[in-house]
Amino acid sequence: MQGFAGKVAVVTGAGSGIGQALAVELARSGASIAISDVDTDGLSVTEQRLKEIGANVKADRLDVTEREAFLLYADEVRNHFGKVNQIYNNAGIAFTGDVEVSQFKDIERVMDVDFWGVVNGTKAFLPHLIESGDGHVINVSSVFGLFSVPGQAAYNAAKFAVRGFTEALRQEMAVGGKPVKVTTVHPGGIRTAIARNASAVEGLDAEELAKVFDKRLAKTSPEEAARVIMDGVRRNKARVLIGNDARILDVLVRITGPHYARLFSGVTSKLMPSSTH
Ligand SMILES: NC(=O)c1ccc[n+]([C@@H]2O[C@H](COP(=O)([O-])OP(=O)(O)OC[C@H]3O[C@@H](n4cnc5c(N)ncnc54)[C@H](O)[C@@H]3O)[C@@H](O)[C@H]2O)c1
């Protein structure tokens, strides 16, 4: 894809799924890439693929919840490549459980990775993106950042928060005349390991939930997701929706306003079994 050659891009959660596909597609488009993940095996696979493409790659173990490490990492990446143009705050986890029976620690964990991980990455890299004169922050939310469903309160909260944070940042950069573009990404169901890696409250079978997700909901490939994200970045879109499911659900939520839950209740009760009974 055009517009990425010579750019330096950072991708978190690059050891699997959308992050891995993004790193590969960015490498094919001529970008230099800093990849990171907590899953060092997955990260090595991505690193190898990027090297085969001939990309200039820096691979590091990084937990996005570790703020101090993230700040140091941002400086390291800047010094290694001489500049940083783009950060894709992509790392994320999923959890299923009704509020009534979820533990505080489960909800906090999702917020730590899915929201604070994005805040840490954005804040750590923002000075370098501004310095580059041509920066872009790309934060991965979800369709679950557009509407809520039962059993996903923690994930919904984190993904709504990412959306609010990112949409405010976009306006701040524009108002302040800062050379940083900002994009929020809302994927629908993407065929990745997210559901298989997900946890759930006691009493719910996380493996069974993953099977339902993989079979019925994950319609878009991570490669296609990566291309849609990069096209949105190239065109400086404020919001990128991935997949027909995301586009249709977005329209339905806009049309129905606060009544969208009624529209979804039949569907969500089948897909998101309640964990309170
Ligand atoms: N797959 C979907 O259907 C879907 C839909 C909407 C949004 N998303 C979002 O897309 C993003 C990518 O997810 P994916 O579907 O590719 O899942 P994935 O599980 O395939 O990849 C996520 C990666 O993030 C890494 N990760 C998890 N916790 C981390 C941490 N604390 N620090 C660093 N890395 C960490 C994992 O090791 C994994 O490699 C996530 O933010 C997810 O919420 C996915």
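Which backbone atom of Ile194 lies 3.5 Å from an oxygen atom of the ligand, and what kind of atom is it? The answer is a backbone N or O atom of Ile194, found 3.5 Å from a ligand oxygen. Please keep in mind that this is a predicted model.

**Around the ligand**

Ile194 has company. A polar backbone atom of Ile190 sits 2.8 Å from an oxygen atom of the ligand, and a polar backbone atom of Gly188 is 3.3 Å from a ligand oxygen. Taken on its own, the ligand has 820 Å² of accessible area, and the protein covers 95% of that. Three elements each give two or more residues to the shell around the ligand: α1 (17-28), α5 (153-175) and α6 (194-197).

If you would like to walk through the shell in your viewer, it has 30 residues, and the closest are Ser16, Asp37, Tyr155, Ile190 and Thr192. Ile190 thus appears both in that list of closest residues and in a backbone contact with a ligand oxygen. Sorted by class, the shell holds 14 nonpolar residues, 12 polar ones and 4 charged ones.

**How the helices pack**

Now to the helices, with the pairs set out side by side.

| Helix pair | Angle between axes | Axis distance |
|---|---|---|
| α1 and α2 (residues 40-53) | about 15° | 9 Å |
| α3 (residues 67-81) and α4 (residues 104-132) | about 30° | 9 Å |
| α4 and α5 | roughly 15° | within 7 Å |

Take α3 and α4 to begin with: they pack at an angle of about 30°. Angles under 35 degrees count as roughly parallel, so α3 is roughly parallel to α4. The crossing of this pair, α3 with α4, is right-handed.

Helix α4 also takes part in a second pair, with α5, where the axes cross at roughly 15°. That angle makes α4 roughly parallel to α5. Here too we have a right-handed crossing, between α4 and α5.

The remaining pair in the table is α1 with α2, packed at an angle of about 15°. These two helices, α1 and α2, are therefore roughly parallel to each other, and they cross in a right-handed way.

The two topics meet in α1 and α5: both give residues to the ligand shell, while α1 packs with α2 and α5 packs with α4.

How values were computed
Residues are numbered from 1 along each chain as its sequence is written. This is a predicted model: local features need pLDDT of at least 70, side-chain atom pairs count only at pLDDT 80 or more; totals for chains, interfaces and linings use all residues. Side-chain values use heavy atoms; hydrogens and water are left out. A residue is near a molecule or strand if one of its heavy atoms lies within 4 Å of it. A polar contact is a pair of N or O atoms within 3.5 Å; within protein, one must be able to donate a hydrogen and the other to accept it, and residues adjacent in sequence count only if both atoms are side-chain atoms. Accessible areas come from the Shrake-Rupley method with a 1.4 Å probe; for residues, only the protein chains shown count as cover. Helices (H or I, at least four residues) and strands (E, at least two) are DSSP runs, numbered from the N terminus. Ala, Val, Leu, Ile, Met, Phe, Trp, Tyr, Cys and Pro count as nonpolar, Asp, Glu, Lys and Arg as charged, and the others, Gly among them, as polar. Axes are lines fitted to C-alpha atoms, for helices over the stretch in contact, and angles run from 0 to 180 degrees between N-to-C directions. Angles under 35 degrees count as roughly parallel, over 145 as roughly antiparallel, 65 to 115 as roughly perpendicular and the rest as oblique. A crossing is left-handed if the near helix is turned anticlockwise from the far one by less than a right angle, and right-handed if clockwise.
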